[in-house]
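Let's take a walk through this model together, one region at a time. Have the viewer open and ready to rotate.

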Number of protein chains: 2
Amino acid sequence: MAHNTRVTADSNAPPVTRILADFVATHPAQGWDAGVEKEAHRTLLNWVGCAVGAARHPTVEAALAAVLEFSPSAQASILGRGERVDIGSAALLNGITSHTFDFDDTHLKTIIHPAGPVASAALALAEHVDATGRQLVDAVVLGIDVSCRVGNMIYPDHYDRGWHITGSTGMLGAAAACARLLSLGADKTAMALGIAASQPIGIREQFGSMTKPFHPGGAARAGLMSALMAKHGYTASMRAIEAQRGLAQTYSTKCDWNEITDGLGQRFEIAFNSYKPFACGIVIHPSIDGCVQLRAGHRLRADEIERVELKVHSLVLELTGKTAPRTGLEAKFSVYHACAAGLVFGQAGEAEFSDGVVARADVIALRDRIKAAVDDAIDEAAADVTVICKDGRRLHVFVEHAIGSVERPMTDADLQRKFHGLVDPVLGAARAERLIGQCATLSGAADVRALTASARPIPRA
Amino acid sequence: MAHNTRVTADSNAPPVTRILADFVATHPAQGWDAGVEKEAHRTLLNWVGCAVGAARHPTVEAALAAVLEFSPSAQASILGRGERVDIGSAALLNGITSHTFDFDDTHLKTIIHPAGPVASAALALAEHVDATGRQLVDAVVLGIDVSCRVGNMIYPDHYDRGWHITGSTGMLGAAAACARLLSLGADKTAMALGIAASQPIGIREQFGSMTKPFHPGGAARAGLMSALMAKHGYTASMRAIEAQRGLAQTYSTKCDWNEITDGLGQRFEIAFNSYKPFACGIVIHPSIDGCVQLRAGHRLRADEIERVELKVHSLVLELTGKTAPRTGLEAKFSVYHACAAGLVFGQAGEAEFSDGVVARADVIALRDRIKAAVDDAIDEAAADVTVICKDGRRLHVFVEHAIGSVERPMTDADLQRKFHGLVDPVLGAARAERLIGQCATLSGAADVRALTASARPIPRA
């Protein structure tokens, strides 16, 4: 049998496993600027909203039913639900819920959704060990830095091979966050990263199935377990990431070590996190944004609209050209429905992609009067939107970068509106408002119990 | 950012996920010849022995301590221990124990250790759902066939990249075995395989650390969880193994689909399983075997021996040339200690690689009179052994294939002797003998409770 002895990883690679472990174990609490600190709170708010919003989805019901086969102990919360499960299962389930709507955060440099694996593991553990809000925020910032730096190191080759990079780097971020919460110290943190390095989760072929959101959930659980094993003296290679038969070579061809070390402790990857304003593929966001802008700027009502003319990049119609979607899921691939929703409701959150909204007569009537033309002079990130009113007015906007992009981040008010759209149907508006406040002030909280309590639905009488 | 759009997997690949699922779900109970049935029982005996033998190893203590952080419910047994844990944790821990001594079974075509992931998951579930012995044996044969066929499909490229192939195919075998035990039917079995396909475990850099035996344990747990999720309606891609961004392409370059389909249901990979007679690297097995043969054939006592002359392939000294090992672990890399043990004790099991035996004066005295010369005319699988006695006799044997190889399989008596060596120190000889009988008659057992009860130590008064 001919063996291939190709070695991709440089045998003189810097000791990045150890470097990351030292960083996670020793970086000072809140050792970053106010912008990073603020983004951490926004990341958590967005993550809680996505998790609570999907808490009753069939994906989550199926995963929870499997977890209950283990008769788990009641250690930690599932956001948006009343059941309590062991911390490993809570990490798994919150990771699943937060990615179920595909509405969570995105580190655009790598397409990693960083909060799912990291925050899901960290919150479950924080609840169990009674960590402070400060400790949780620190763990999330550092854990996301680990995931995203490893992602930068191996992207795009790793992704192009077929890995769902969120789950195949997220176990490292989750392990780092949990090691930090457990105050493991540098040596055991390196072991936690090493154990996690053997457990990448996720192939892209799963996109479109329930296994896609399993990936961040599985990574959260794997990272948490790795930290607990390291705590009790379990060992791994101290060079698990960089060695010749380690993570980098086994899961990728590209290994840019500088991405681990450059500006470590100075530049934080969470600062580049972004949040989706609309619950659908990123390619139709500029068109929806244009519709929402025109509606707001001109106080447009749907019944004033004669027709809509879109000019978009060809990719938009290739991916989202469904003219007559019948279900909410199909509607996520219809630029027509999405723009109609933007004009009728002024938003396009998960609620606007429900089966009921897709079947509404006023939405269908408007949708059928939207025409889209391909113009490849227009960038993928842009859209040209014209609304022709029944009274003859032509209202026009050109969107160069959609809301939610790095160039035009969602404001705090935008994020809070998104949060209400997700959380109000599950917990009610008052609870949602309380959660928004608790997320904003989390770093000063004595523990995380108030937050998890607010995310628990009031039992029906 | 330049993306690599290379596609390794054939877009016209046969639907191997579906083919394997149909096979696992519908193949008749005991649908194979007596040789396969017998090998299944030998595989289980060897696996139980390895698991019980290592049950008190520090690796297992650390892993169990981490598991206990979840306050698991008492659903299933850890072989060789008194604690009971949830079925997922039992699968994990039995997978760890069975590989801790590196003394478990080997599918030589792929270097997969197949029982660890598959039997560990299957026994935990069988205990919980009260399966019959017949159902357990069927699940193990079919699960091992799935792991090893997928291994054949992607070996050696997959292994050469850095994957520890036992854990990176074992999750599929474990999922298959558990799907069979749960009678999921073909559709849900395909989902179980699909969910598992996202969870490969293990990089070779971990060799020498506790994370190596974690790999079969983690794969066992992942496969069990995948089957439970599928049972409750969780979905995955129906083409998770063969699709363009599926398992085969993401984890390998070589994808030989014929290895899945050729003789499926006719040829069973468990028939090619082998068992290590000696608790050390395979490269010194021929030399030890020669020493054991000379000792038995001439009723040699160590004090009769003047010196020993070995002729071996250069690889033997490259990998195992330590002349003065100080610990049991070092002694596993010493052809000198290993041969001395073979001559003194007539065997070289885990006990003969203990720190105490390595430090014994008689062992050291003999070890220092063993000389090894490189002769590359001798194959890696062979050894030339000459013992020169104090009375002038020259005793010689040339070992072409060591005991334990496919050419010279261990006999049932050999396996039972190995089993006693592993199990007697933990459970006593009487319990060990009872377990040997229970493994031999497992396919006729009404349930697996008697077996797991026998593998539980009697509590100290």
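Which residue stands opposite V308(B) in strand 7 of chain B? That place is taken by V387(B). Please keep in mind, as we go, that this is a predicted model.

The pair V308(B) and V387(B) is a good way into the sheet of chain B. Strand 5 (residues 305-312) and strand 7 (residues 383-389) of chain B run antiparallel and are joined by 6 bridges. They belong to an open sheet of 4 strands in chain B, ordered 6-5-7-8, with mixed pairing. At its edges you will find strand 6 (370-374) and strand 8 (394-399) of chain B, each pairing on one side only. From one strand of this sheet to its neighbour the turn is 15° on average, ignoring direction. Now look for helix 13 (residues 285-297) of chain B, which packs on the sheet and touches strand 5, strand 7 and strand 8 of chain B. The direction of helix 13 of chain B makes about 40° with that of strand 7 of chain B.

Let's turn to chain A and its sheet. Here, too, 4 strands form an open sheet in the order 6-5-7-8, and the pairing is mixed. Strand 6 (370-374) and strand 8 (394-399) of chain A are at the edges; each has a single partner strand, so one side of each has no neighbour in the sheet. The twist from one strand to the next averages 15°. Strand 7 (residues 383-389) of chain A pairs with strand 8 of chain A in the antiparallel sense, over 6 bridges. Within that pairing, V385(A) has V397(A) in strand 8 of chain A as its bridge partner. Helix 13 (residues 285-297) of chain A lies across strand 5 (305-312), strand 7 and strand 8 of chain A, and runs at about 40° to strand 7 of chain A.

Staying in chain A, let's move to a pair of helices. Helix 5 (residues 115-129) and helix 8 (residues 165-181) of chain A have axes that come within 7 Å and cross at roughly 25°. Angles under 35 degrees count as roughly parallel, and therefore helix 5 and helix 8 of chain A are roughly parallel to each other. Their crossing is right-handed. On the side of helix 5 of chain A, the residues that meet helix 8 of chain A include G116(A), V118(A), A122(A) and L125(A). On the side of helix 8 of chain A, G170(A), G173(A), A174(A) and A177(A) are among those that meet helix 5 of chain A. Sorted by class, this contact has 12 nonpolar, 5 polar and no charged residues.

One residue here deserves a second look: V118(A), which lies in helix 5 of chain A. Is V118(A) buried or exposed? V118(A) counts as buried because it has 36 C-beta neighbours inside 10 Å. Leaving aside residues up to four places away in sequence, V118(A) touches V140(A), G143(A), I144(A), S147(A), G170(A), G173(A), A174(A) and A177(A).

Next, see how the two chains meet. In all, 56 residues of chain B are in contact with 56 residues of chain A. Several helices of chain B each supply at least two residues to the side that touches chain A, among them helix 3 (58-68), helix 4 (87-100) and helix 9 (185-197). The largest share of that side, 7 residues, comes from helix 10 of chain B. By class, the side of chain B that touches chain A has 23 nonpolar, 24 polar and 9 charged residues.

For a close view across the interface, find helix 10 (residues 211-231) of chain A and helix 3 of chain B, which pack at an angle of about 125° with their axes 8 Å apart. That angle makes helix 10 of chain A oblique to helix 3 of chain B. The crossing of these two helices is right-handed. M225(A), L228(A) and M229(A) in helix 10 of chain A meet A62(B), A63(B) and A66(B) in helix 3 of chain B. The residues of this contact divide into 6 nonpolar, no polar and no charged.

Our last stop is helix 16 (residues 335-345) of chain B, where 10 of the 11 residues are buried. Among the buried residues are Y336(B), H337(B), C339(B) and L343(B). After helix 16 of chain B comes G346(B), whose phi is positive, near 75°.

Terms used: Residues are numbered from 1 along each chain as its sequence is written. Chains are lettered from A and ligands numbered from 1 in the order in which they are written. This is a predicted model: local features need pLDDT of at least 70, side-chain atom pairs count only at pLDDT 80 or more; totals for chains, interfaces and linings use all residues. A residue is buried if 20 or more other C-beta atoms lie within 10 Å of its own, exposed if 12 or fewer, and partly exposed in between; C-beta atoms are placed from the backbone. Axes are lines fitted to C-alpha atoms, for helices over the stretch in contact, and angles run from 0 to 180 degrees between N-to-C directions. Angles under 35 degrees count as roughly parallel, over 145 as roughly antiparallel, 65 to 115 as roughly perpendicular and the rest as oblique. A crossing is left-handed if the near helix is turned anticlockwise from the far one by less than a right angle, and right-handed if clockwise. Two residues are in contact if their C-beta atoms, placed from the backbone, lie within 7 Å. Ala, Val, Leu, Ile, Met, Phe, Trp, Tyr, Cys and Pro count as nonpolar, Asp, Glu, Lys and Arg as charged, and the others, Gly among them, as polar. Two strands pair if DSSP finds at least two bridges between them.
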